[in-house]
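Please read the following report with the sequence and the three-dimensional view side by side, and look up each residue as it is named.

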Amino acid sequence: MSNPRPKPVAPTRRAFLARSAQAAAALTATPVLGARAAGRAAWTVEAVATQESFGDGATVPFFRFQAVGGTAVRGRLPFLEATEGAGATLTLVNRLAVAIRPGVTGLGVGPLVAPGATRSVSFPMPPAGTYLLQEARFAGVSGPLGFAAVIVSRPSSGRQELWNGGPSYDREFILHYQDSDDRWNAAAAAMTPPNTAVYEPNYFTLNGLSYPATDADPDTHIACQMGERVLLRLSNSGRVRQSIHFHGYHVEVAARGNVPNTTLPPKDTVEVPAGGTTDLILTVDQTGLYPVHPHSLTAVTANGLYPYGQLTLIEAV
Ligand SMILES: [Cu+2]
């Protein structure tokens with residue numbers, strides 16, 4: 001009541017769904033072997049096995065999408081962006097010993113990519129918003145194992161706004177949350193199926209990094225200035241439903257799952273469901289250094305040791 005917000009201007013839900021359905025049909029219908037870039041965006045990522053070190057001294061096997069060539073990154077993860085409606089071509093190089101399959105949340109799945117193979121899939125960029133590239137063959141497991149990349153579809157207006165006529169912003173940060181049970185990772189690294197009946201996550205990453213590396217990376221250390229509107233694109237490919245807590249500020253929930261929010265008031269804790277996205281606007285109304293972290297304290301540890309994991313800081317001057 002005390003915080004009137006501009007009413008979001010959005011496509012109707014029907015129009016949004018229709019356009020998403022078109023994009024989904026295109027993604028599944030046009031896998032192209034060895035294709036050249038058909039449109040304005042061409043991204044190449046490799047699927048690789050990695051060994052990652054954590055603050056408790058452990059080294060844990062992970063499976064990652066890794067950016068190749070001119071593909072952008074945020075932290076350890078590829079970052080894929082293009083304008084809505086533009087043609088996008090994703091090329092996946094599979095360096096693993098098992099076949100995998102790329103998928104984009106809300107759009108569909110691409111072709112199976114055999115071990116050692118390279119395949120491309122082309123699709124029109126969906127309506128402006130935040131999406132996830134995931135590994136779809138082992139859905140439900142591959143996120144905790146480390147596979148993820150954020151895809152941002154920019155509005156055709158070319159403005160710094162979430163969608164045409166939507167909330168505007170001065171700066172943007174991509175914050176992707178993943179939780180992992182290292183027993184699952186160890187099983188997968190040994191080419192055996194994880195015991196999916198038991199999931200007790202003990203390692204937690206933000207853009208593939210854990211604190212203090214998150215705070216050292218300018219893409220997760222949220223530096224901003226008094227008076228700015230900062231867009232935070234949160235997403236989650238772990239299994240834990242995250243409740244991200246802000247010290248110092250209340251944030252506006254701009255959209256959840258790319259559906260504009262018209263009901264929730266400004267909040268200091270926001271939900272990011274497993275497999276979901278939540279776009280926030282932080283209006284910088286005070287200076288200082290403020291933590292941002294999941295409200296579940298285990299997520300701010302490395303196997304119980306504090307403070308590591310999915311902690312980062314807002315630094316407002
Ligand atoms: Cu706190």
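Asparagine 207 counts as buried, because 26 C-beta neighbours lie inside 10 Å, and 20 or more within that distance are enough for a residue to be called buried. The model in which this residue is seen is a predicted one. Asparagine 207 belongs to the loop between β13 and α4, and its phi is near 55°, a positive value in a residue other than glycine. As background, most residues other than glycine have a negative phi, and most peptide bonds are trans.

**Backbone exceptions in the loops**

Asparagine 303, which lies in the loop between β21 and β22, also has a positive phi, of about 50°, although it is not a glycine. Asparagine 303 counts as partly exposed, because it has 18 C-beta neighbours inside 10 Å, a number between the limit of 12 or fewer for exposed residues and that of 20 or more for buried ones. A further positive phi, near 65°, is found at methionine 191, which follows helix α3.

The two loops named above also hold cis peptide bonds, which are set out in the table.

| Peptide bond | Form | Omega |
|---|---|---|
| Tyrosine 211 to proline 212 | cis | near 10° |
| Tyrosine 306 to proline 307 | cis | near -10° |

Proline 212 is placed in the loop between β13 and α4, the latter being residues 213–216, while proline 307 is placed in the loop between β21, residues 288–294, and β22.

**Helix α3 and its buried side**

Helix α3 spans residues 182–189, and Asp182, Trp184, Asn185 and Ala188 are buried in it. These residues lie on the same side of α3, because they cover an arc of only 155° around the axis. In general, an α-helix has 3.6 residues a turn, so residues three or four places apart point the same way. Among the elements that cover the buried residues of α3 are strand β3 (59–67), helix α2 (142–145), strand β12 (171–180) and strand β13 (203–206).

**Strand β15 and arginine 229**

Which strands pair with β15, and in which sense do they run? Strands β12 and β15 pair in the parallel sense over 7 bridges, whereas 7 bridges join β15 to strand β20, residues 277–283, in the antiparallel sense. Valine 230 of β15 can be followed in both pairings, since it stands opposite arginine 171 and has leucine 282 as its bridge partner in β20.

Strand β15 is made of residues 229–236, and arginine 229 has its place in this strand. Of the 8 residues of β15, 7 are buried, so the strand is largely enclosed by the rest of the structure. Is arginine 229 buried or partly exposed? Arginine 229 is partly exposed, because 16 other C-beta atoms lie within 10 Å. When residues up to four places away in sequence are left out, arginine 229 touches Ser168, Tyr169, Asp170, Ile281 and Thr283. For aspartate 170, which is 59 residues away along the chain, the C-alpha atom is separated from that of arginine 229 by 5.4 Å.

**Two open sheets**

Strands of a sheet pair through backbone hydrogen bonds, either parallel or antiparallel. One open sheet is formed by 5 strands in the order β14-β22-β21-β16-β19, with mixed pairing. Strands β14 (222–224) and β19 (269–272) stand at the edges, and because each has a single partner strand, one side of each is left without a neighbour in the sheet. On average, and with direction ignored, neighbouring strands of this sheet are turned by 20° against each other. At one edge, β14 runs parallel to β22, residues 312–316, and is joined to that strand by 3 bridges; here cysteine 224 stands opposite alanine 316 in β22.

Another open sheet, again with mixed pairing, is formed by 6 strands in the order β4-β5-β11-β10-β7-β8. Its edges are taken by β4 (72–74) and β8 (108–109), each of which has a single partner strand, so one side of each is left without a neighbour in the sheet. Within this sheet, β7, residues 102–104, and β10, residues 129–135, pair in the antiparallel sense over 3 bridges, and glutamate 135 in β10 is the bridge partner of proline 102.

Conventions. Residues are numbered from 1 along each chain as its sequence is written. This is a predicted model: local features need pLDDT of at least 70, side-chain atom pairs count only at pLDDT 80 or more; totals for chains, interfaces and linings use all residues. Two strands pair if DSSP finds at least two bridges between them. Helices (H or I, at least four residues) and strands (E, at least two) are DSSP runs, numbered from the N terminus. Axes are lines fitted to C-alpha atoms, for helices over the stretch in contact, and angles run from 0 to 180 degrees between N-to-C directions. The arc is that of the directions from the helix axis to the C-beta atoms. Two residues are in contact if their C-beta atoms, placed from the backbone, lie within 7 Å.
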